Amino acid sequence: MSRKDSKGMFAAVLGQLGTEEAETVAAVRSTSPHLMKVAAGVRQMQERSELAERLLKDGEQIIELDPDDVLPSTIHDRFEGAYDAAAIAEIVESMRERGQIVPGLVRPAPGRPGSFQIVYGRRRLAAAQRLGIKFKATVRELTDEQAVVFQGEENSARQDLSYIEKCSFALAQQNAGYKRETICASLATGKSHVSEMIKVASSIDREVVQLIGAAPAIGRGRWEDFARRYVIKGNASKAKDFIKKGKFLEASSDDRFNLLFSALPEDGVSLETGKSVEEKPKQNTWAPEDKSVSVRLKDNGKTATLAVGSTDGLRFASFITEQLDDLYQAFRLSEPKQTGD
């Protein structure tokens, strides 16, 4: 049977599906149940194809698709495991709280009428699938070449940002006048975290940050320490001199951070507060197996602070206070005895 004849046959069956005459429908069903099933599938494909054509004619519009119905891209640009639960955990949590804010992009699948193929937004698609929700996307008619270009541009723009890149992005948005809620949504984090990121980025001269680079292995704590050290009087000028040296420029981004961090003195007067900057206090923590008590010891080398918390924290702190005499005696007995010459 030719393709033309087959198409005509399906059209005739589709027409029979739309009639209200029970006898006609019964006749078709009794004649070829398999043909009826195929025809129903063709009708669904036609409806989806008509939807796509309407969207393309009217311009880009956001539609919602079942994630399982979106065909994968023919070009894979991420390594295996990029869509595992751990890899998309942050996106899943963000979409769980706020929904899918930024739509992906799909195109009518070549040679598959009524089907769509992902162009970009694969991690959002995977998150939607994991959450069991619809995937929001715009539809655009694209050739294979155009689809690959769009895919590459989007992935370059949405590659996972390092901590300092997020800080710089947050600061740039603030400088442009965006509201804090917008900045939080763009970074999928809370206001306090955004404030910390903006403080880090604004404490360090942009030229220094740019020369250090993304430093993907350097996390939040180290950058906060760097910012505190950078604002010590005289350290900014030391940093700007240091980054001009060949050894610094030849190193990797992570190594550039470590080299510069080590080159800056860690004590002095802070330009922000005008007060002496001391090294961060050391912290030790303890908790029993049932986690009913938590104990944190802060030690700055001169004084020590013991903080007791959790469910039974107050009662345990009171118990310790009542036992101080015995504890002190035990402490003294635990010390090695002094012997004469």
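Trp223 and Phe226 sit three residues apart in helix H11, so about one helical turn separates them. Helices here are DSSP runs of H or I with at least four residues, numbered from the N terminus, while strands are E runs of at least two. The model is predicted: local features need pLDDT of at least 70, side-chain atom pairs count only at pLDDT 80 or more, and totals for chains, interfaces and linings use all residues. Residues are numbered from 1 along each chain as its sequence is written, and side-chain values use heavy atoms, leaving out hydrogens and water.

**Aromatic pairs**

The whole structure holds eight aromatic pairs. The ring centres of Trp223 and Phe226 lie 5.5 Å apart with planes at 65°, so this pair is edge-to-face. Rings of Phe, Tyr and Trp (its six-membered ring) pair if their centres lie within 6.5 Å; planes under 30 degrees apart count as stacked, over 60 as edge-to-face and the rest as tilted. Both Trp223 and Phe226 are buried. Buried means under 20% relative accessible area, exposed means over 50%, and partly exposed lies in between (1.4 Å probe, protein chains only).

Phe257 and Phe261 have ring centres 5.8 Å apart and planes at 15°, so they are stacked. These two rings belong to helix H14 (residues 253–263), where they are four residues apart, about one turn. Phe257 is buried at 0% relative accessibility. Phe261 is buried too, at 9%. Ring pairs join Trp223, Phe226, Tyr230, Phe257 and Phe261 in a cluster.

Which charged residues sit over Phe261? Arg222 lies over its face, 4.6 Å from the ring centre. The charged end of Arg229 is also placed over the Phe261 ring, 3.9 Å from its centre. The criterion is NZ of Lys or CZ of Arg within 6 Å of the ring centre and within 35 degrees of the ring normal.

**Helix H12**

Helix H12 spans residues 235–242, and its residues Asn235, Ala236, Ala239 and Phe242 are buried. Viewed down the H12 axis, the buried residues fall within an arc of 125°, so they line one face of the helix. That arc is taken from the directions between the helix axis and the C-beta atoms. The buried residues of H12 pack against H11, helix H13 (246–250) and H14. Contact here means heavy atoms within 4.5 Å.

**Salt bridges**

Side chains of opposite charge can pair when their charged atoms come close. A salt bridge is a side-chain nitrogen of Lys or Arg within 4 Å of a carboxyl oxygen of Asp or Glu. By this rule there are nine salt bridges. Three of them are tabulated, including one within H11.

| Salt bridge | Closest N to O |
|---|---|
| Glu97 and Arg98 | 3.9 Å |
| Arg220 and Glu224 | 3.3 Å |
| Asp312 and Arg315 | 3.1 Å |

Glu97 is exposed, with a relative accessible area of 54%. Its partner Arg98 is partly exposed at 35%. Asp312 is partly exposed at 25% relative accessibility, whereas Arg315 is exposed at 61%.

Where do Arg220 and Glu224 lie? Both are in helix H11 (residues 220–230), four residues apart, with about one helical turn between them. An α-helix has 3.6 residues a turn, so residues three or four places apart point the same way. Arg220 is partly exposed, with a relative accessible area of 37%. A network of salt bridges links Arg220 and Glu224 with Glu196.
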